[in-house]
Amino acid sequence: TNSPENLLAYTDFDSTYRMEAEARDGEAAATGDIHSFAPHRQDWEIGDPTWTKDKKGKAIIGAINYLAKQEMNSVYFLTLNILGDGKDVWPYQSPNDFTRFDVSKLEQWNILFEHMQAKGMLLHIVIQETENELLLDGGDTGFERRLYLTELISRFAHHPALVWNLGEENGPVHWRPEGQNDAQRIAMANFFEAYDPYSHPVQLHTHSQASEKDDIAAPLLGLNSLDGLSFQVAERETVHSETRKWRELAKQSGHEWLITMDEIGVWHTGATPDDMNPQHDSLRRHALWGHLLAGGAGVEWYFGARFPQNDLNAEDFRTRENLWQQTKQAIKFFEQHVDYWNLQACDDVIDRKDAYCASIPGQAYVIYLPEGGTGILKLPKAKAYTLKWFDPIFGGDLKTGTQESVSGSDWIELGLAPKADGRDWVLLIQAQ
């Protein structure tokens, strides 16, 4: 889950409150109370952790239990949003003093993090927002920022499943011309490389437009201390091509990047609640399978700003249960049926421009057809292939298909849907 970004704005954490309720024009405002996650109190189980004599924390621990039962394995959250959208998360005793840390609050955060790790949940720690990237040392890695990063590393880096994210929507754009520069981004990445003894991956969250990625991320290609990009993409139909582009650019630089899909647009829509869009067709087709079959490292779901249970006020993860289920089916497919770590893009072997393809050349081909239908694959004719189908919505066993005809000297023409009903299907072709 990519939302709520202010997960740590939780009523049972010490000295946690909202400074003010205000947002950029047209975006969600963090109005009302901070999170209680009351709908997930029922998901807490005997033996789960709490803190203080009052046994606080049951609701947020229950929320993690629920996500784990849905087989989700990553949670995105901010550790500092002073000046940002929520204005309700900081590690300090006071939001006006960046030299004194709230040790009881940080210990309570760590109880949550320990439980997340026990449940198989990666900590995607986003250290700042676009609005506050100049808050500490004017964006430099000076005394205040070094103190902040050292505190994060010292308290949390021992957790095995963790990613450091250098900042949400990092860098200047037309609607916010103030932002960190290349040298400041490099300094942060180098700090983590130098001082994190466990060498956790370091990523950078992007702005949504392709041109903005070109301006901000391109100068960082080849930087050994940066391990990848955390994508924001405005138009979900471009996720596949954008992921392929940056994977290839990084490879050409000599330092490959992991690319994650962490905030899908349009910003005001994102992943809507199930009762508004139970199928989530475009998210499943383009953001999930389009990303994974371009070599993407994973997807986190962002809750759009103009809908109930959004990126700032979400209290109940059950509002997106259909999306968790479809995501789980993708995980199961790759874990059970193909050596996904060996896959590479192969869109050029199929005549359908709307299809997504990844392959272990000559051995296995995974093809996703967003609208079903048929197509022609260019595969080595000398080999025999098995043809099987996977339902990306409901999962289940693979369905056996048939090879319909052979055409030309080196082209094998395959029927690419069990029925042309407009439904999307995943096709797995394996050499015998």
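**View 1. Strand S12 and its hairpin partner.** Ala-358 sits across from Val-366 of strand S12, a handy place to start looking around this predicted model. The strand carrying Ala-358 is our way into the hairpin: S11 (residues 356-360) pairs with S12 in the antiparallel sense, over 5 bridges. Between S11 and S12 lie 3 residues, and in that turn Gly-362 has a positive phi of about 80°.

**View 2. The two faces of strand S12.** How many of the 6 residues of strand S12 (residues 364-369) are buried? The count is 6 of the 6, so the strand is largely enclosed by the rest of the structure. Here is a general point to keep in mind: side chains in a regular strand alternate between the two faces of the sheet. In S12, one side holds Ala-364, Val-366 and Tyr-368, while the other holds Tyr-365, Ile-367 and Leu-369, and all of these are buried.

**View 3. Strand S12 meets strand S17.** S12 also pairs with strand S17 (residues 425-431), to which 6 bridges join it in an antiparallel arrangement. If you would like one pair to zoom in on, take Tyr-365, whose bridge partner in S17 is Ile-429.

**View 4. The disulfide at strand S11.** Searching the whole structure turns up 1 disulfide. Cys-346 and Cys-357 form it, with their sulfur atoms 1.9 Å apart. The link is left-handed, with -75° about the S-S bond. Cys-346 lies in the loop between strand S10 (344-345) and S11, whereas Cys-357 belongs to strand S11 itself, and the two are 11 residues apart. Are these cysteines buried or exposed? Cys-346 has a relative accessibility of 3% and so counts as buried; Cys-357 is buried too, at 0% relative accessible area.

**View 5. Strand S7 between its parallel neighbours.** Strand S7 (residues 228-233) has 6 of its 6 residues buried, so it is largely enclosed by the rest of the structure. S7 pairs with strand S6 (residues 202-205) in the parallel sense over 3 bridges, and here the bridge partner of His-205 is Ser-230 of S7. S7 also runs parallel to strand S8 (residues 258-264), joined to it by 6 bridges. Within that pairing, Gln-232 has Glu-263 of S8 as its bridge partner.

**View 6. Two β-α-β units that share strand S7.** Follow the chain from S6 through helix H5 (residues 210-217) to S7 and you trace a right-handed β-α-β unit. Carry on from S7 through helix H6 (residues 239-253) to S8 for another β-α-β unit, also right-handed.

**View 7. The nonpolar cores, with a close-up of Trp-289.** Nonpolar side chains tend to be buried together in soluble globular proteins. Which residues touch the most other members of the largest nonpolar core here? Among its 95 residues, they are Leu-112, Trp-289 and Trp-301. Helix H1 (residues 58-69) gives the most to this core, contributing 8 residues. Setting aside neighbours within four places in sequence, Trp-289 is in contact with Arg-284, Ala-330, Phe-333, Phe-334, Tyr-356, Tyr-368, Phe-390, Pro-392 and Val-426. Another core, of 16 residues, lies apart from the largest one, and its members include Val-349, Tyr-365, Trp-389 and Leu-427. Strand S12 is worth revisiting with this in mind: Tyr-368, on one side of S12, is a contact of Trp-289, while Tyr-365, on the other side, is one of the residues of the 16-residue core.

Note on methods
Residues are numbered from 1 along each chain as its sequence is written. This is a predicted model: local features need pLDDT of at least 70, side-chain atom pairs count only at pLDDT 80 or more; totals for chains, interfaces and linings use all residues. Side-chain values use heavy atoms; hydrogens and water are left out. Buried means under 20% relative accessible area, exposed over 50%, partly exposed in between (1.4 Å probe, protein chains only). Helices (H or I, at least four residues) and strands (E, at least two) are DSSP runs, numbered from the N terminus. Two strands pair if DSSP finds at least two bridges between them. A crossover is right-handed if, with the strands pointing away from the viewer, the path from the first strand over the helix to the second runs clockwise. A disulfide is a pair of cysteine sulfur atoms within 2.5 Å. A nonpolar core is a set of buried Ala, Val, Leu, Ile, Met, Phe, Trp, Tyr and Cys residues joined through side-chain atoms within 4.5 Å. Contact means heavy atoms within 4.5 Å.
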